[in-house]
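Work through these exercises with the sequence and the 3D view side by side. Try each task before reading its solution.

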Amino acid sequence: MQRTAVNPWNWSQALGYNQGEIIQDVKRQLICSGQTSVDDKGNPQHLENMRMQMDLALNNLDAVLNNAEMTLTNISKLSIFTTDVDETMKNFDILGAKFGQVGATPTMTLVEVTRLAVPGLMFEVEAIAFD
């Protein structure tokens, strides 16, 4: 797979994401369902704690990728849904740490929603990955 970042300006790179990416020579595509702060039985965890929810949701995303023999570096598109953008941004360093340590800068969208499917959950992340 060949990835080419498309950034007509560089401010988003300082935040850890590209404005666009050209993906070529793809073998497989993985479309990940939204991952939230749930345990391996689907039970919600860390209700009302944004930081812990973000961490577990990203760990769950990583588990899906690993099960497909991929990593965070394979993600091209990340969509984040949150019930509180301000609180998410206060804890955005979690994303920076996870993606930054592997040099991944996928395209990204952050959207505030009224609620998620399960009451008490505040953060959900879905991804599209290629190899």
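A nonpolar core is a set of buried Ala, Val, Leu, Ile, Met, Phe, Trp, Tyr and Cys residues joined through side-chain atoms within 4.5 Å. Buried means under 20% relative accessible area. Keep in mind that this model is predicted.

**Exercise 1. The core**

Find which residues of the largest nonpolar core touch the most other members, and which elements supply the core.

Solution.
- Step 1. The largest nonpolar core has 26 residues. L65, I75, L78 and L95 touch the most other members.
- Step 2. Now go by element. β3, α2 (50-67), β4, α4 and β6 each supply at least two residues of this core.
- Step 3. Helix α2 gives the largest share, six residues.
- Step 4. Take I75 and set aside its neighbours within four places in sequence. I75 is then in contact with R3, E21, L61, L65, F99, P106, A127, I128 and A129. L65, one of these partners, is also among the core residues that touch the most other members.

**Exercise 2. The sheet**

Work out the strand order of the open four-stranded sheet, and say which strands form its edges.

Solution.
- Step 1. The order is β3-β6-β4-β5, and the pairing is mixed.
- Step 2. The edge strands are β3 (29-35) and β5 (107-112), since each is listed as pairing on one side only.
- Step 3. Neighbouring strands are turned against each other by 10° on average, with direction ignored.
- Step 4. Start from the β3 edge. β3 pairs with β6 (residues 123-130) in the antiparallel sense, over five bridges. To find this pairing in the view, look for L30, whose bridge partner in β6 is A129.
- Step 5. Move on to β4 (75-82). β6 and β4 are antiparallel too, with seven bridges between them. Here T82 stands opposite F123 of β6.
- Step 6. Finish at the other edge. β4 and β5 run in the parallel sense and share six bridges. L78 has M108 of β5 as its bridge partner.

**Exercise 3. A strand and the helix across it**

Decide whether β4 is largely enclosed or open, and find which strands helix α4 lies across.

Solution.
- Step 1. Count the buried residues of β4: six of its eight.
- Step 2. Draw the conclusion. With six of eight residues buried, β4 is largely enclosed by the rest of the structure.
- Step 3. Look at helix α4 (residues 93-100). It lies across β4, β5 and β6. Its direction is at about 165° to β4.

**Exercise 4. A lysine in helix α4**

Is K98 buried or exposed, and which residues is it in contact with?

Solution.
- Step 1. Locate K98: it lies in helix α4.
- Step 2. Check the cut-off. Buried means under 20% relative accessible area. K98 has 17% relative accessibility, so it counts as buried.
- Step 3. List the contacts, leaving aside neighbours within four places in sequence. They are D55, L58, N59 and L72.
- Step 4. Look at the side chains. K98 and N59 are joined by a polar contact of 2.8 Å. K98 also forms a salt bridge with D55, where the closest N and O atoms are 3.2 Å apart.
- Step 5. Place this pair in the chain. D55 is in helix α2 and K98 is in helix α4, 43 residues apart, so the pair links distant parts of the chain.
- Step 6. Compare the two ends. D55 is partly exposed, at 32% relative accessible area, whereas K98 is buried.

**Exercise 5. Salt bridges**

How many salt bridges does the whole structure hold, and what does the pair of R51 and D93 link?

Solution.
- Step 1. A search of the whole structure finds five salt bridges.
- Step 2. One of the pairs is R51 and D93, with 2.7 Å between the closest N and O atoms.
- Step 3. R51 sits in helix α2 and D93 in helix α4, 42 residues apart; the pair links distant parts of the chain.
- Step 4. R51 is partly exposed at 37%. D93 is partly exposed at 43%.
- Step 5. Turn to E87 and K90. Their side chains meet in a salt bridge of 3.5 Å, N to O.
- Step 6. Both lie in helix α3 (residues 85-90). They are three residues apart, so about one helical turn separates them.
- Step 7. E87 is partly exposed at 29%, while K90 is exposed at 61%.

Definitions and conventions:
Residues numbered from 1 in each chain as written. Predicted model: local features only at pLDDT ≥ 70, side-chain atom pairs only at ≥ 80, totals over all residues. Heavy atoms only, no water. Pairing = 2+ DSSP bridges. Axes fitted to C-alpha atoms, helices over the stretch in contact; angles between N-to-C directions. Contact = heavy atoms within 4.5 Å. Buried < 20%, exposed > 50% of the residue type's maximum accessible area, 1.4 Å probe, protein only. Polar contact = N/O pair within 3.5 Å; in protein donor to acceptor, adjacent residues only side chain to side chain. Salt bridge = Lys/Arg side-chain N within 4 Å of Asp/Glu carboxyl O.
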